[in-house]
Amino acid sequence: MSEAQKRGPKNMLQQLPNTFSQAQLEALRTTLGKNPEGAKAQLYQWVFRKFITYSAQTGLYTKTEEYLKQ
């Protein structure tokens with residue numbers, strides 16, 4: 001995978017607020033011409049890479065300190 005491909009979804013994360021919902025990501029994906037159904041897999045990847053955490057209590061995702069320091 002090239003560097004440009006790796007950066008794409010991360011740049012999408014930069015466009016979201018520090019705390020956001022899956023619906024907000026789906027809306028952003030739609031405005032960028034991407035399929036909103038891909039949001040779930042994208043969120044899973046971001047959690048796996050420790051860019052974001054998920055709160056079951058609020059149903060919201062939050063960017064991690066490690067991600068924000070980059």
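## Exercises on a predicted protein chain

The protein chain contains 4 helices and 3 strands (helices are DSSP runs of H or I with at least four residues, strands are runs of E with at least two, and both are numbered from the N terminus). The model is predicted, so local features need pLDDT of at least 70 and side-chain atom pairs count only at pLDDT 80 or more, while totals for chains, interfaces and linings use all residues. Residues are numbered from 1 along each chain as its sequence is written, and side-chain values use heavy atoms, with hydrogens and water left out.

### Exercise 1: The chain as a whole

Task: State in which order the elements run and what share of the residues is buried.

Solution. Step 1: read from the N terminus, the order is α-β-α-α-β-β-α. Step 2: apply the burial cut-offs, where buried means under 20% relative accessible area, exposed over 50% and partly exposed in between, with a 1.4 Å probe and protein chains only. Step 3: of the 70 residues in the protein chain, 26% are buried.

### Exercise 2: The sheet

Task: Determine the strand order of the sheet and identify its edge strands.

Solution. Step 1: strands count as paired if DSSP finds at least two bridges between them. Step 2: the 3 strands form an open sheet in the order β1-β3-β2, with antiparallel pairing. Step 3: β1 (19-20) and β2 (52-55) are the edge strands, since each pairs on one side only. Step 4: the antiparallel pairing of β2 with β3 (residues 60-63) extends over 4 bridges, whereas β1 and β3, also antiparallel, are joined by 2 bridges.

Task: Find the residues that stand opposite I52, T53 and Y54 in β3, and the bridge partner of F20.

Solution. Step 1: on the β2 side, I52 stands opposite K63, T53 opposite T62 and Y54 opposite Y61. Step 2: on the β1 side, F20 has Y61 of β3 as its bridge partner. Step 3: in the hairpin of β2 and β3, 4 residues lie between the strands, and G59 has a positive phi near 75°.

Task: Which side chains of β3 are buried, and which are not?

Solution. Step 1: in a regular strand the side chains alternate between the two faces of the sheet. Step 2: in β3, Y61 and K63 point to one face and are buried. Step 3: L60 and T62 point to the other face and are not buried.

### Exercise 3: The two sides of α3

Task: Explain why the buried residues of α3 lie on the same side of the helix.

Solution. Step 1: within α3 (residues 39-48), the residues A39, Q42, L43 and W46 are buried. Step 2: these residues cover an arc of only 100° around the axis, so they lie on the same side of α3 (the arc is that of the directions from the helix axis to the C-beta atoms). Step 3: an α-helix has 3.6 residues a turn, so residues three or four places apart point the same way. Step 4: K40, Y44 and F48, on the other side of α3, are exposed. Step 5: after α3 comes K50, with a positive phi near 65°.

### Exercise 4: The contact of α2 with α3

Task: Describe how α2 and α3 cross and which residues meet.

Solution. Step 1: axes are lines fitted to C-alpha atoms, for helices over the stretch in contact, and angles run from 0 to 180 degrees between N-to-C directions. Step 2: the axes of α2 (residues 22-31) and α3 come within 10 Å and cross at roughly 115°. Step 3: contact means heavy atoms within 4.5 Å, and in this contact Q22, L25, E26 and R29 of α2 meet A39, K40, Q42, L43 and W46 of α3. Step 4: the crossing is right-handed (right-handed if the near helix is turned clockwise from the far one by less than a right angle, left-handed if anticlockwise).

### Exercise 5: Helix α4 and F51

Task: How far apart in space are the C-alpha atoms of E66 and F51?

Solution. Step 1: E66 belongs to helix α4 and is exposed, at 55% relative accessibility. Step 2: E66 and F51 are 15 residues apart along the chain, and their C-alpha atoms are separated by 7.1 Å.
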